[in-house]
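Work through the following exercises with the sequence and the model open. Each task sentence is followed by a solution in steps.

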Amino acid sequence: MQIKRFERKEEVALHAAELILNTVAERPDAVLGLATGSTPIGIYEKMVESYRRRSLSFRSVTTFNLDEYAGLPASHEQSYASYMTRHLFGHTDFDPSRTHIPNGDADDPAAECAAYDELLRKHPIDLQLLGLGHNGHIGFNEPGSALAGGTHVVELKLATREANARFFTAPSKVPARAITMGIGSILKSRAILLVVTGPDKAEIVRESLAGPITTACPASLLQTHANVTVLLDRDAGRKL
Ligand code: GLP
């Protein structure tokens, strides 16, 4: 695990964007695993700026998003599908037929999960971008006694719903369930880029990267992967 520290979150975002853009420059048909939440917003901003400045194209890149709320149509402004359009896809030349996000509104969620896993098997992820939840979740893989390997439906923890309530008109509007890629799928990525900023994440960064490997902290499983790069700002890294 390679840990890189930066002073400010803007530097973290710039470095993360550069790593992603270098992957695409080296391999225009790269497969990227993408994340949502507030942390990647700065990274996507830098990717959009670069796309506008350089003659870089995302047309042949395939993407898989980690997760999506269950029960929200893609058109809902807080769906992760809307987020991706707003922050990245809507400002670049990503080919919509190559960008994948679980359909949270699927009539048959189990079939949706199986279809997503099938696509992931056909397109192994070269670089997976991850944020970190306050309770150690990655994607929406919540702490528990066991972790699922493949894409599955999860009940969101109260703490997760509260943390995400800021994006909704009321805490009660945050969906109770989500579809997420499993830990097994995440760990199959060739390379993983974990990005964490802010003082409120300092303790969970320490637990995830220096604590025991346990399903009680899903991000701790990243310690078992051979190619993880962690980018931290000063605040997030201060207990490490
Ligand atoms: C969300 C997402 C995760 C994200 C995490 C942290 O609920 N499902 O993929 O990494 O929580 O989000 P933030 O970056 O806003 O702290």
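**Exercise 1. Find the residues that leucine 187 contacts outside its sequence neighbourhood, and classify its exposure.**

Step 1. With neighbours up to four places away in sequence left aside, leucine 187 is in contact with Leu221, Thr224 and His225; contact means that two C-beta atoms, placed from the backbone, lie within 7 Å.
Step 2. Leucine 187 belongs to helix α6 (residues 183-187). Helices (H or I, at least four residues) and strands (E, at least two) are DSSP runs numbered from the N terminus.
Step 3. Leucine 187 counts as partly exposed because it has 17 C-beta neighbours inside 10 Å. A residue is buried if 20 or more other C-beta atoms lie within 10 Å of its own, exposed if 12 or fewer, and partly exposed in between.
Step 4. Alanine 114 is 73 residues from leucine 187 in sequence, and their C-alpha atoms are 18 Å apart.

The model is predicted; local features need pLDDT of at least 70, side-chain atom pairs count only at pLDDT 80 or more, and totals for chains, interfaces and linings use all residues. Residues are numbered from 1 along each chain as its sequence is written.

**Exercise 2. Determine whether aspartate 29 is buried or exposed, and what it touches.**

Step 1. Aspartate 29 sits in the loop between α1 and β2 (31-34).
Step 2. Aspartate 29 is exposed because 12 other C-beta atoms lie within 10 Å.
Step 3. Beyond four places in sequence, aspartate 29 touches Ser60 and Val61. Phenylalanine 58 is 29 residues away from aspartate 29 in sequence and 8.1 Å away in space, C-alpha to C-alpha.

**Exercise 3. Compare the burial of asparagine 135 and histidine 137.**

Step 1. The unreviewed UniProt entry lists Asp67, Asn135, His137 and Glu142 under "active site"; such annotations may be inferred rather than shown by experiment.
Step 2. Asparagine 135 lies in the loop between β6 (127-130) and β7 (152-155), and histidine 137 lies in the loop between β6 and β7.
Step 3. Asparagine 135 is partly exposed because it has 17 C-beta neighbours inside 10 Å, whereas histidine 137 is buried because it has 24.
Step 4. Not counting residues up to four places away, asparagine 135 touches Glu142, Pro143, Lys157, Ala159 and Thr160. On the same terms, histidine 137 touches Glu142, Pro143, Thr160 and Pro218.

**Exercise 4. Show why the buried residues of α3 line one face of the helix.**

Step 1. The buried residues of α3 are Tyr80, Ala81, Tyr83 and Met84.
Step 2. Down the axis of α3, these residues fall within an arc of 160°, so they line one face; the arc is that of the directions from the helix axis to the C-beta atoms.
Step 3. An α-helix has 3.6 residues a turn, so residues three or four places apart point the same way.
Step 4. The buried residues of α3 pack against β3 (62-65) and β4 (67-69).

**Exercise 5. State how many residues the largest nonpolar core has, and which have the most contacts inside it.**

Step 1. A nonpolar core is a set of buried Ala, Val, Leu, Ile, Met, Phe, Trp, Tyr and Cys residues joined through C-beta atoms within 7 Å.
Step 2. The largest such core has 63 residues, with Ala16, Leu194 and Val195 having the most contacts inside it. Its largest share, six residues, comes from α1.
Step 3. Leucine 194 touches Leu130, Leu132, Leu222, Val228 and Val230, leaving out residues up to four places away in sequence.
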